Amino acid sequence: MMNFTKSELEDACALVYRHMDPTPQYSWPLLNARTGTPTWVKHENHGPTGAFKMRGAITFMDWLTRTHPDVPGICTATKGNHGQGQARMATAAGLSARIYVPHGNSVEKNAAMKAFGAELIEHGTDFDEARAEAVRVAERDGLFIVPPFHKELVRGVATYAFELLSAQPDLDTIYVPIGCGSGICGTILARNALGSKTKVVGVVSDRAQTAKLSVEAGRMIETEAPDTFADGMAVRVPVQEAYDIYAKGAERIIAVSDDEVAEAIRTYYHCTHNLAEGAGAAPLAGLLQEKDKMAGKACAVILCGGNIDTAWFLQVMAGQTPQLRPDTL
């Protein structure tokens, strides 16, 4: 199973900081009052692409250009944040970036990926169909397929948890969202590298429960197509390498509803004036769901991204829960 030493993560931090600054962790008084416990927010929404995936793109692209110097470009699939980071770093390295998204994907994330240099192609009805097509096309055209989970991606992502746990070593619990799993696995592996006793709780959408159901069953469980507006968690096929880490390393995995996610987005804005996308707000939704259980325990929530489409944000702030367009189901 994948593991990192403290030295390996310190090296990853040094590499990441050549391209971006560390992100802050803040404890907001109004948010603490809402959660009922001391709460630290890890602000990955403050990174150069507005999401934590940038860190993994930095370490992955460094590895790729050193180990595969003749590759002309990359190919990958995404719901948006992974693709922004990969496009930004591939373009900076002089490589092409062909990125597949499902039909009906976030309009503003699509625009951002194109702005970062991606050739964007829509395919399939969900992330997993787009991923299968990306793999096929990469093999056909001699491009390097960037998977959703890879040791070098996770090593970069783990740097946000390394920063958080180094700054706040006495945390009782960290809440982390789960899509394909790089975020929660990076958090678990950073905790292990630091010898921390902090517990890690995974949060999934109740409309995309593949990680939770897989852990409960003790085997990989594929689900139906997800229909959550928390698109960063909209995964129906679990990743075995990630499962192997979070099944053993997570304290528990809980599910939150889209209504709870929408309320968490409103809470972030009212209490901190930060924008959170659906997956970015899910950890806070999880903490609020477990408010009574966590009373008096120092907690952290990963605000992993703030790239929410304007139309969805306006709906949320009007007290509504966004519904996916019929053509995305």
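The legends below describe close-up views of the enclosed cavities in this predicted model.

**View 1. Cavities of the predicted model.** Counting those of 30 Å³ or more, the model holds three cavities. The largest of them encloses about 340 Å³ of space, while the second largest has a volume of about 50 Å³.

**View 2. Lining of the largest cavity.** The largest cavity, with about 340 Å³ of space, is lined by 26 residues, and those closest to its centre are F52, K53, G179, C180 and G232. Two elements, α4 (81-92) and α8 (182-194), each give two or more residues to this lining.

**View 3. Chemical character of the largest cavity.** When the lining residues of the largest cavity are divided by class, twelve are nonpolar, nine are polar and five are charged. Among the residues closest to the centre of this cavity are K53 and C180.

**View 4. Lining of the second largest cavity.** Around the second largest cavity, whose volume is about 50 Å³, the lining is made up of K53, G56, A57, H82, Q86, P148, L153, V157 and S182. The elements α3 (53-67), α4 and α7 (151-167) each supply two or more residues to it, and α3 gives the most, with three residues.

**View 5. Chemical character of the second largest cavity.** By class, four nonpolar, four polar and one charged residues form the lining of the second largest cavity. K53 belongs to this lining, and K53 is also listed among the residues closest to the centre of the largest cavity.

Conventions
Residues numbered from 1 in each chain as written. Predicted model: local features only at pLDDT ≥ 70, side-chain atom pairs only at ≥ 80, totals over all residues. Heavy atoms only, no water. 1 Å grid on protein atoms, 1.4 Å probe; cavity = no way out; pocket = protein on both sides within 12 Å on 5 of 7 lines; lining within 4 Å. Points joined across faces, edges and corners; volume = space filled by probe spheres on them. Helix = DSSP H or I, 4+ residues; strand = E, 2+ residues; numbered from the N terminus. Nonpolar A, V, L, I, M, F, W, Y, C, P; charged D, E, K, R; others polar.
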